[in-house]
Amino acid sequence: MAGRFTPRPTRTTVRGGEVVVPVPRRAVRADTGRVRDWVPDGPLDLGLVLGPLRRGPGDPTFRTTPDGSVWQTALTPAGAGTLRVRASGGGVRGEAWGPGAEWLLERLPELLGAADDPSVFVPRHRLVAVARHRRPGLRLTRTGLVLESLIPSILEQKVTTDEAYRAWRLLVRKFGEPAPGPVPGPMHVMPGPRTWAVIPSWEWHRAGVDDKRASTILRAVRVAGRLEEAAGMEPGAARARLELVSGVGPWTSAETVQRSHGAADEVTVGDLHLPRIVGWALGGDRDADDSVMLSLLEPYAGQRHRAARLVLLSGRVPGRRAPKMPRWDIGGL
């Protein structure tokens, strides 16, 4: 009953990680890859858990299908892999293909939030309590992969999400390898560090990526091994290592560890919209800045990122008072 009256996804709730996974309406085809079954210890909503990994509706590394499956590709330490996840009885079935299949299945529980404990979260505002009640299956994913969250986060710096999603889509489709396995349509695996490092300058330009963001990605992939080591660190230490790369600041490092580490307390600061959304939802302040947002989230210390996600998932946003941020297509210059 809690999810029966869940509102339809909006731009804000999608940013909160909401992805609609279709209810199966036909039989699921026979499994052909390596398989692992796992039973979570509580409610689990695949769309909410894996939603933050999708970078726009055309993301070539992420797809949902009418049979209720979520498909995701990843460049693991063992190589490229494709993972298909779907509800199966009272649990979840993961099926994987490619050299990275075993790695993906081994970490399937963490990917689906097994390392997260939502029971410790105590709502302090009615809006947050209602949002949590309506989405009991929210858990924080932990991918264990740093670059696959860092690079798209760098692409999202200082531009609209549509521009960033377009850049990610074009670059991955052109330079990533085709996904292994019987994928539902064209899917690709993110390029490896060496491939990112040799992308010509004009291809960055055609994808709409300015020199500053492209240079930051190039600096990051040069030390890819050291950055991936951060997956085994505590979120605070991982952020400190990421921010040693020139061009990676608090906003980018927080967006990365929220996905790579399932960091429940790493709230995003320096964002254009989040402070106003949180300020309006929790304090009625539509002009809130980072300091006001952090003050409102202080009662959720240790769980501030989860609280911010629930605010986004509530869909409560202040009305517009200015035009949208203009889009600049540098590829047309």
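Student: Is Gln-303 buried or exposed?
Tutor: This is a predicted model, in which local features need pLDDT of at least 70, side-chain atom pairs count only at pLDDT 80 or more, and totals for chains, interfaces and linings use all residues. Residues are numbered from 1 along each chain as its sequence is written, and side-chain values use heavy atoms, with hydrogens and water left out. Gln-303 lies in the loop between α15 (290–297) and α16, where helices (H or I, at least four residues) and strands (E, at least two) are DSSP runs numbered from the N terminus. With a relative accessible area of 12%, against limits of under 20% for buried, over 50% for exposed and partly exposed in between (1.4 Å probe, protein chains only), Gln-303 is buried.

Student: Which residues is Gln-303 in contact with, leaving aside its neighbours within four places in sequence?
Tutor: Contact means heavy atoms within 4.5 Å. With neighbours within four places in sequence set aside, the contacts of Gln-303 are Val-120, Phe-121, Ala-264 and Asp-265.

Student: How is α5 oriented to α16?
Tutor: Two packed helices are described by the angle between their axes and the distance between the axes. The axes are lines fitted to C-alpha atoms over the stretch in contact, with angles from 0 to 180 degrees between N-to-C directions. For α5 (residues 126–134) and α16 (residues 304–314), the axes come within 9 Å and cross at roughly 80°. Angles under 35 degrees count as roughly parallel, over 145 as roughly antiparallel, 65 to 115 as roughly perpendicular and the rest as oblique, so α5 and α16 are roughly perpendicular.

Student: Which residues in α16 meet α5?
Tutor: The α5 side of the contact consists of Leu-127, Val-128, Ala-131 and Arg-132. Opposite them in α16 are Leu-310, Val-311 and Ser-314.

Student: How many of the 11 residues of α13 are buried?
Tutor: Helix α13 spans residues 250–260. Among its buried residues are Trp-251, Ala-254, Glu-255 and Arg-259. The helix is largely enclosed by the rest of the structure, because the number of buried residues is 10.

Student: Which residue stands opposite Leu-83 in β5?
Tutor: Strand β4 (residues 79–88) has 8 of its 10 residues buried. An antiparallel pairing of 7 bridges joins β4 to β5 (residues 91–97), where pairing takes at least two DSSP bridges. The hairpin of β4 and β5 has 2 residues between the strands, and Gly-89 has a positive phi near 65° there. Across from Leu-83 is Ala-96.

Student: Which residue in β4 stands opposite Thr-73?
Tutor: Strand β3 (residues 70–76) runs antiparallel to β4, with 7 bridges between them. The hairpin that joins β3 to β4 passes through 2 residues. Thr-73 faces Thr-82.

Student: How many residues has the largest nonpolar core?
Tutor: A nonpolar core is a set of buried Ala, Val, Leu, Ile, Met, Phe, Trp, Tyr and Cys residues joined through side-chain atoms within 4.5 Å. Those with the most contacts inside the largest one are Leu-150, Trp-196, Trp-204, Val-209, Ile-217 and Leu-227. The elements giving two or more residues to this core include α6 (147–155) and α10 (211–222). Its residue count is 31.

Student: What is the relative accessibility of Leu-44?
Tutor: Leu-44 lies in the loop between β1 (34–38) and α2 (46–50). Beyond four places in sequence, its contacts include Trp-38, Val-92 and Leu-112. Leu-44 counts as partly exposed, as its relative accessibility is 22%.
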